[in-house]
Amino acid sequence: MKGRMISPGKTEGAAIVTNEPIGFYGGIDIKTGVVIEKGHPLEGRCIKDKILVFPCGKGSTVGSYVIYGLKKNDVAPSGIINKETETIVATGVILAGIPCVDQIEIEKIKDGDTVLLDADQALVTIQK
Amino acid sequence: MYLTKEEEKILDGDGGEAEERMFRLLVRLGEIYGADKMIPVGSVQVAGVSYKSIGDPGTEFLEDMASKGAKVKVLTYLNPAGMDLENWEKIGFPKDFARNQLRIMNAFKNMGIVVISTCTPYLAGNLPRFREHIAWSESSAVSFSNSVIGARTNREGGPSALAAAICGRTPNYGLHLWEKRQPNIKIKVDVELDFNADFGALGYFVGKQVKNKIPYFTGIKDANTDQLKSLGAAMAASGAVALYHVEDLTPEADLVEKNALETLDVGKKELDETYEKLNTGGDPDVVILGCPHASLREISTLAGKLLDKRLKKPVWICTSRVMKEAADRMGFTEIIEKAGGYIVADTCMVVSPIEKMGYKTTGVNSGKAANYLPGFCKQEVVFTNINKLIEAQS
C-alpha cells in the first residue's frame, strides 16, 4: 500500500493494531511503553519495537513529547502507520525519528501481521 | 514545497541533528497545510513552558534539545511559566513544582531564548511591526499581534514555534497570506463597553458564536490596547479566533474586503447573558487580575483603587517581569502589597497550580480566565468588573 511519508526511515516488525485513536499523554506509560488508558482496546499491551497501527492521535499536545520520551527510553514503537496523522503524532514521530506513514487503509492490517514499513518510499507491505 | 539550496542542506543535517529534526517538522507541517515555501520570521514566542502543562515528558525533551546544542536564530520569548520565577517561595508555590519549573527555564535559556515569560511579549520587548511574519504560540498574543499590530502569524504549537525559532523560518500558509486574512462575518455591536471586563464578555460571546472565523467589528467607538487585548483573548479562548478587525481601530480594517458579510448583532441582552453564564461562584477566595498579563496602565489602575485600603481577602495581578520592574519603580507594588495584594510576575492563574493552593472560587475580570478556570484549575468563577471585585475582597 502506498501512503504519504510523515517521518523517514525503514523498519519491519509485528503490527499492533487498533481502530481507536491514541492519546499518548496519559494514555501510554513513557517508561514502559504500555498502554494505560482505561478501556482502550490496547490497554495493558506494550508497544515497544512493534509497528503501531491506529487511525490518528487524540488528546493533549503534550503527546508529542511523550512519543519523543518513549524513543529516548527505548520503549517506542519501531514504526507508526496511520489513517491520518494529525499534528500531535506528526510532531512526535519527526522529533523522535520514528518512521511513519499515513493515508493507509489500516483496516487491511491485522494485529500480529508482519509488516514492512518503508517510510522513505511511503510504502507499507503486509508480509503475513 | 519549494526549498532553497540552503534549506535542502538543513534537511541533509548540515546544521546538526537538532536543526534537521526541527526543520523536517516545519516542512512536514507545511506540506500538511499546503504551504508553497518557507518564509523567514522576525520573532518567535514559544508556548508549553509551565511544568503543569508539559510535565516530565516536555521537560526532558527540552533538556535533551538544549544538550544537543540547539540554538535559536531569532528573538524568542516564552509563554508564562507555572510560577513567579523570583518570588515563588514567598507566594507559596510548591517546592518540587518549582524545581522542575526552573529546569525548564534553564533548558530554554541554554537554547538562547529570552527567559521573559509572558502572554504579552509585545509589552515586554518583543514587538513585531505591521506585516512582519512571526511565529507565535499563545492564543491571545497571536490574536493581538495579528489584529492590533497587523503582524502575521498562525497559532503555533509549542514544538512548531520552537522549530521556527531554531530554523528562523516558518511555512508560508494560513494567516501569513493576505487572502486568508479577510473577514468572513460582521459583528454589529450596539452596547456601551465601559470596563475591560465588558470587552472580555463581548469577546467570550463572539468567540462562542463564530468559532474560528475572522470577525469584522462595527460599533465599537473606542478601545485602548488593554481593552483590545481583553477582547481578543476571550475570543481566542471561547472560540479559536486568531485574527479580528475593528472598523476605524485596527490597521487592516480599511484594507480588507468586507462587503456582503453575514451579520451577527450583539447588544446589552447578549452581554448580560454572558456575564450570567460565566458566573458560577458566590464569593471569591482570591481575585486574580492580569489575564492576559497586565499592562503598566492596568497595574496603575489597581494601585489607585487600593491606595490606603486594607483587603480582607487577596487580590493578585499577573504581569510580565518587565512591567513588574516598572511597577516597583513607580511605587505601585508597594501600594498593592500594603493593601494585602500581590503583583505576580512570569506566570498566570491558568498555568499555575492554584487549585493546590487551597483556592476554590476565583474572581476575575477576564473572559479568557473565566473560560479556562473551571476546567484547568477546578475553580468556581466570579466574573465581573474590577470595581466589584475589589469591593468583594474589601
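Here is a friendly conversation about a predicted model with chains A and B.

Biologist: Let's start where the chains meet: which helix gives the most to the side of chain A that touches chain B?

Modeller: The contact draws 16 residues from chain A and 18 residues from chain B. On the chain A side, helix H1 (63-72) and helix H2 (87-96) each supply at least two residues. With 6 residues, the one that gives the most is H1(A).

Biologist: And how many residues of that side of chain A are nonpolar?

Modeller: That side of chain A also holds 6 polar residues and 1 charged residue. The nonpolar residues there number 9.

Biologist: Moving to chain B, how far apart do the C-alpha centres of domain 1 and domain 2 lie?

Modeller: The domain assignment splits chain B into domain 1 (5-178), domain 2 (182-276) and domain 3 (279-393). Domain 1 of chain B puts 13 residues in contact with 16 residues of domain 2 of chain B, and its side of that contact divides into 5 nonpolar, 7 polar and 1 charged. The C-alpha centres of these two domains of chain B are separated by 28 Å.

Biologist: Which strands stand at the edges of the open sheet in chain B?

Modeller: This sheet has 3 strands with parallel pairing, in the order E3-E2-E4 of chain B. Strand E2 (residues 43-46) of chain B is joined to E3(B) by 4 bridges, and B:Val44 stands opposite B:Thr76 in E3(B). Two strands have a single partner each, so one side of each lacks a neighbour in the sheet: E3 (75-78) and E4 (135-136) of chain B.

Biologist: What angle does the direction of H7(B) make with that of E2(B)?

Modeller: H7(B) packs on the sheet and touches E2, E3 and E4 of chain B. Its direction and that of E2(B) make an angle of about 150°.

Biologist: Why is helix H7 of chain B described as largely enclosed by the rest of the structure?

Modeller: The helix covers residues 158-167 of chain B, and its buried residues include B:Gly158, B:Leu162 and B:Cys167. Just after H7(B), B:Gly168 takes a positive phi of about 70°. H7(B) is largely enclosed because its buried residues number 10 of the 10.

Biologist: Last one: which helix gives the most to the largest nonpolar core?

Modeller: This core has 161 residues, and A:Val93, B:Leu26, B:Ile317 and B:Met349 touch the most other members. B:Leu26 touches several residues beyond four places away in sequence, among them B:Met38, B:Ala163, B:Ala164 and B:Pro171. The helix that gives the most to the core, with 8 residues, is H8 (residues 196-210) of chain B.

Key. Residues are numbered from 1 along each chain as its sequence is written. Chains are lettered from A and ligands numbered from 1 in the order in which they are written. This is a predicted model: local features need pLDDT of at least 70, side-chain atom pairs count only at pLDDT 80 or more; totals for chains, interfaces and linings use all residues. Two residues are in contact if their C-beta atoms, placed from the backbone, lie within 7 Å. Ala, Val, Leu, Ile, Met, Phe, Trp, Tyr, Cys and Pro count as nonpolar, Asp, Glu, Lys and Arg as charged, and the others, Gly among them, as polar. Domain bounds come from an automatic or database domain assignment. A residue is buried if 20 or more other C-beta atoms lie within 10 Å of its own, exposed if 12 or fewer, and partly exposed in between; C-beta atoms are placed from the backbone. A nonpolar core is a set of buried Ala, Val, Leu, Ile, Met, Phe, Trp, Tyr and Cys residues joined through C-beta atoms within 7 Å. Two strands pair if DSSP finds at least two bridges between them. Axes are lines fitted to C-alpha atoms, for helices over the stretch in contact, and angles run from 0 to 180 degrees between N-to-C directions.
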